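Student: Could you take a close look at one part of this model for me? I'd like to hear about a contact between domains, and then how that fits into the whole assembly.

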2 protein chains.
Amino acid sequence: MVDDADALVTLTPEVFRKERNIDARILHEVTEIDLKGRRLQVRQLDGNKKAWWEPFDQLMIATGALPIKPDVPGVDATGIYGVHTLQSGIEVRTAVDQERPKRGVIIGGGYIGLEMAEALVRRGMEVSLVERAEQVMLTLDTDMGALVSEALMAVGVKLFREESLQGFDVRDGRVQRVVTDKRTLPADIVILGMGVRPNAALAKEAGISLGEKGSITLNDRMQTDVEGVWAAGDCAQSFHLISKRPFYVALGTVANKQGRVAGINIGGGTAAFPGVVGTAVSKICAAEVARTGLQERELKQLGWKYVSERIESRTRAGYYPKAGRITVKVLAEKGSGRLLGGQIVGYEGAAKRIDILATALHGGMTVQEMVHLDLSYAPPYAPVWDPVLMAARQVEKLI
Amino acid sequence: MVDDADALVTLTPEVFRKERNIDARILHEVTEIDLKGRRLQVRQLDGNKKAWWEPFDQLMIATGALPIKPDVPGVDATGIYGVHTLQSGIEVRTAVDQERPKRGVIIGGGYIGLEMAEALVRRGMEVSLVERAEQVMLTLDTDMGALVSEALMAVGVKLFREESLQGFDVRDGRVQRVVTDKRTLPADIVILGMGVRPNAALAKEAGISLGEKGSITLNDRMQTDVEGVWAAGDCAQSFHLISKRPFYVALGTVANKQGRVAGINIGGGTAAFPGVVGTAVSKICAAEVARTGLQERELKQLGWKYVSERIESRTRAGYYPKAGRITVKVLAEKGSGRLLGGQIVGYEGAAKRIDILATALHGGMTVQEMVHLDLSYAPPYAPVWDPVLMAARQVEKLI
């Protein structure tokens, strides 16, 4: 879709230096944080590879996340890729361009796995996807995940659900086959899409507290439990505004908001990041997938009583050209009707509607209130009753 | 766009009769409401054209709106059309198909005027649009309306702003030219797009109270000031949740919500329609236009102090194919930061974002709160900071 990888680089070290007066050093690794000495051990990764101690007054930790690598035989073989940085994406593309693999196997049916499945299908490859769970996209409820599974199969992806990875057959250092508990899949290229974990080892070793899923704990000003030490992004913990509990999510939107708040506070200002409602969106070929709030699994874990309903409608007036299918699921608290979450699977124009539900979650709205939302309508954009309102209406009956 | 006019008919009298046990009579006109006698004078428009009195227990008035017809010479000439019913739309299409007009003139730059301008341009006609105000689309602020004017001119519509209609030159009963205070425009077909007014004469004659712009006054259960007499839709008044004042708007979404609430109450249930925030959306060729809340003109009339900012961004990540331009304007209360309104002009994927602002208005949010909204992000759908958040951030600085 995007040909030039450089187009994806928002800011270069040169821009930081020249336009923002920030000494951004790439190819430098911090190997230790000395909190008492207020200093960092830094090692240069190219050139003379020297190491030294660098002092700090305020420290911002933004070490991001690392892809989860399964502990199975053969995982380090050539031809097996994780995709979590621009560089790793370029490596996959180079391999596809140069080696012309015919058969790709994706391990894991999350956002990265599904988006990579699409990318490989578009390159004309035979693509298989192995997912341990009953459906892909575990951030959706099973019924909604099933729609994504269908969309995936519709574009030609072979889907192997409820199968777990056992290892890889390797010959001459190169992956040959993916071995699951049910079958063996020939593979010229393998993509690991098993999610990420916070890259917080450095912080942990320094004695900074970790929380949810090993992410760095923060207050709402983005300060760690150590004065003058801050964190933000995929290494850092967030807070879920609906469950009112610590929450870990590795997404660019959250990272950006946390980074902005940390920056304001480090600069002497005052800002707080209240937290997230768990919104995410993805595109898998023509299918649009979005979610926000709590899903059934989380609600059951919390022991909250909820009702939910799933409706099917169209993204535009039924008679309007290109009116695509859209399925909306809304979850609300039993008794009160308070909105708890929502999920959308559909076609062009479907997914961005999740923002209505996300905004309503922030506003603490009930589905009874949502039924009256004055949402926009014109035939090119929606049916008279927007699918989100239709879903709210159905849920209202169950409160 | 839609070839078959029948596809636009949602429910026929047959469906009402057979599936819903409702005796829906078309081609019957009510000529008088006798409130004391609890009866209606009904006249049959076809067949034997007989008239009689029909008794009622509960009366629902849903007489809709009528197009505003200018009081100028020649307005009744052949070739001049209003477009407010399916039938009038069919008449325009028939005229265009059969008479092959070359030059179309639109009077009025509101939704209908602009959508008709698009329709005639698509038919290959030379289209002129006459608008009395500085910009088209008076439901937008002037700066945002200017963007719509630009979009209109970009598709080839000749725009005559700050010109008022004086009359029509007519020969043999047929319109020849449109006369404004500045020029004369040859016209084979003329479309009146000067808005609508509530069709409430029958209610008024019966003694039912009228309010805003002559619409039927209602409580939030959709009851008029007469027990057992209800109203909904384009003939009826609504309530603006932000100005907290009576409000008149002729839109299908509002009509549907009002109708549903009236139906529940007439049927013995209990429902209330709290009101609207003034959301509307339109599509003019590729341009998407949307608005919600109060605009500058209304805020000045109310004497409210406000701040506003306009930002330009993209509907998708900047590097993503088909990332269209989007301009978002947000208005908030000076001091408190309470969101007061928003307007959007842009291209594919722009307009439906108005629902975020509409939902935030319903929730009584401030722009300070909106900055933290956990809106969805993925490159096909938005930049990391959604344009709506960017606009809120800019307005926050002015509070």
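Tutor: Sure, let's start inside one chain: 15 residues of domain 2 of chain A are in contact with 14 residues of domain 3 of chain A (contact means that the C-beta atoms, placed from the backbone, lie within 7 Å). This is a predicted model, where local features need pLDDT of at least 70, side-chain atom pairs count only at pLDDT 80 or more, and totals for chains, interfaces and linings use all residues. Residues are numbered from 1 along each chain as its sequence is written, with chains lettered from A and ligands numbered from 1 in the order in which they are written.

On the domain 2 side of chain A, α3 (111–122) and α4 (142–154) are the elements that give two or more residues (helices are DSSP runs of H or I, at least four residues, and strands are E runs of at least two, numbered from the N terminus). With six residues, α4(A) gives the most to that side. By class, the domain 2 side has ten nonpolar residues, one polar and four charged (Ala, Val, Leu, Ile, Met, Phe, Trp, Tyr, Cys and Pro count as nonpolar, Asp, Glu, Lys and Arg as charged, and the others, Gly among them, as polar).

As for where these domains sit, domain 2 covers 67–196 and domain 3 covers 280–396 in chain A, with bounds from an automatic or database domain assignment. Their centres, taken over C-alpha atoms, are 30 Å apart.

Now the assembly: 44 residues of chain A are in contact with 44 of chain B. On the chain A side, α8(A) gives the most, with seven residues. The copies meet through the same surface, because 100% of the interface residues of chain A are also interface residues in chain B.

Methods. Contact = placed C-beta atoms within 7 Å.
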